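Biologist: I'd like to learn how to read a fold at the bench. Can you walk me through the features one by one?

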Amino acid sequence: MEKMITIESSFVKSGLALRALIPYNVPMKRKRILSDYERRTDADGKDSYIYTGPMFTPNLSRAGLFRFRAAAWILPIVGFLLWLRMCLLDTEGMRQMYIALPCVSLFLPLCMLIGDAYKITVQRRPAQRAEYERGYAQMRRCSIAVASLSSAVVVAQAVFLLLTGAAPWGELAFLGIAAVIALLFSLFSMFQKKTRFITHR
């Protein structure tokens, strides 16, 4: 059986301790994260790894960080409720595959955004690289995904309305909700892009 090494964070906190079993034969995609650890051998010859890589802290004031976390909670929840209302509309557009597919695909990134909001809220200390990638960086990727998918829904719905020549209120409401979601998360992704992080060891 392949030998495994226990990697423990030096910043241990209840519910946030970083524990992973990493084999000796490490895939290339893990090299960067693994390079942040320093191997230590105790008197009994047991190997352990201490995190020595960079720590990431948002370059925001306390009020700015509060606003960032508030937006990280409010926008995904509002976006999810808008998406749910959009899906419940009985429209002909939702029966078209090229509209329904991107619309249904919004579910995953919206749920991930809510999970990311929880991660950055409970993160009370500077984030390690893996925590940064699974929190702040993943949140921006999901925001871009929501903005892109909802924009695709807007374009597809507009094309459908042009082709059919009909515009009942349900179809227009569907188009309007998708446009609002696209606008909200486009602005949110730009806000995240402008947020800088201080790296220190």
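Modeller: Let's begin with burial: buried means under 20% relative accessible area, exposed over 50%, and partly exposed in between, with a 1.4 Å probe and protein chains only. Elements come from DSSP runs numbered from the N terminus, with helices (H or I) of at least four residues and strands (E) of at least two. This is a predicted model, where local features need pLDDT of at least 70, side-chain atom pairs count only at pLDDT 80 or more, and totals for chains, interfaces and linings use all residues. Residues are numbered from 1 along each chain as its sequence is written, and side-chain values use heavy atoms, with hydrogens and water left out.

Biologist: Good. How many helices and strands does the protein have, and in what order do they run?

Modeller: You'll find six helices and six strands. Starting at the N terminus, the order is β-β-α-β-β-β-α-α-α-α-α-β. Of the 201 residues, 38% count as buried.

Biologist: Now a single helix. Which residues of H6 are buried?

Modeller: The general idea is that an α-helix has 3.6 residues a turn, so residues three or four places apart point the same way. In H6, the buried ones are Gly 170, Glu 171, Phe 174, Ile 177, Ala 178, Ile 181, Ala 182, Phe 185, Phe 188, Ser 189 and Gln 192. Leu 183 also sits in H6, which covers residues 169-194, but Leu 183 counts as exposed because its relative accessibility is 52%.

Biologist: And how far does H6 reach from its first C-alpha to its last?

Modeller: The expected span of a helix is 1.5 Å times one less than its number of residues. H6 has 26 residues and reaches 38 Å, close to the 38 Å expected.

Biologist: What covers the buried residues of H6?

Modeller: Here we count contacts, meaning heavy atoms within 4.5 Å. The cover includes helix H2 (62-88), helix H3 (97-105), helix H4 (107-122) and helix H5 (129-164). Try H3 as well: its buried residues are Ile 99, Ala 100, Pro 102 and Cys 103, and what covers them includes H2, H4, H5 and H6.

Biologist: Which residues touch the most other members of the largest nonpolar core?

Modeller: A nonpolar core is a set of buried Ala, Val, Leu, Ile, Met, Phe, Trp, Tyr and Cys residues joined through side-chain atoms within 4.5 Å. The largest one has 33 residues, and Met 86, Met 139, Phe 174 and Phe 185 touch the most other members. H2, H3, H4, H5 and H6 are the elements that give two or more residues to this core. H5 gives the most, with eleven residues. Leaving out residues up to four places away in sequence, Phe 174 touches Met 86, Leu 89, Thr 91, Met 94, Ile 99, Cys 103, Val 153 and Gln 157.

Biologist: On to charges. How many salt bridges does the structure hold?

Modeller: A salt bridge is a side-chain nitrogen of Lys or Arg within 4 Å of a carboxyl oxygen of Asp or Glu. The structure holds five. Asp 90, Glu 92 and Arg 95 are linked in a network of them: Arg 95 pairs with Asp 90 at 2.6 Å between the closest N and O atoms, and with Glu 92 at 3.3 Å, N to O.

Biologist: Are those three residues buried, partly exposed or exposed?

Modeller: Arg 95 is exposed because its relative accessible area is 52%. Asp 90 counts as exposed too, at 67%, while Glu 92 is partly exposed at 45%. Then look at Arg 125, which forms a salt bridge with Glu 131, the closest N and O atoms being 2.9 Å apart; both of these residues are buried.

Biologist: Which side chain of opposite charge is nearest to Arg 69?

Modeller: For charge, Lys and Arg count as positive and Asp and Glu as negative, with His and the chain ends not counted. Arg 69, found in helix H2, is buried yet has no salt bridge, and the nearest opposite charge is Glu 131, 11 Å away. Not counting residues up to four places away in sequence, Arg 69 touches Ile 120, Thr 121, Gln 123 and Arg 124.

Biologist: Last one: in what sense do E3 and E4 pair?

Modeller: Two strands pair if DSSP finds at least two bridges between them. E3 (residues 37-41) and E4 (residues 47-51) are antiparallel, over five bridges, with Thr 41 opposite Asp 47. The two strands form a hairpin with five residues between them, and Gly 45 in the turn has a positive phi of about 80 degrees.
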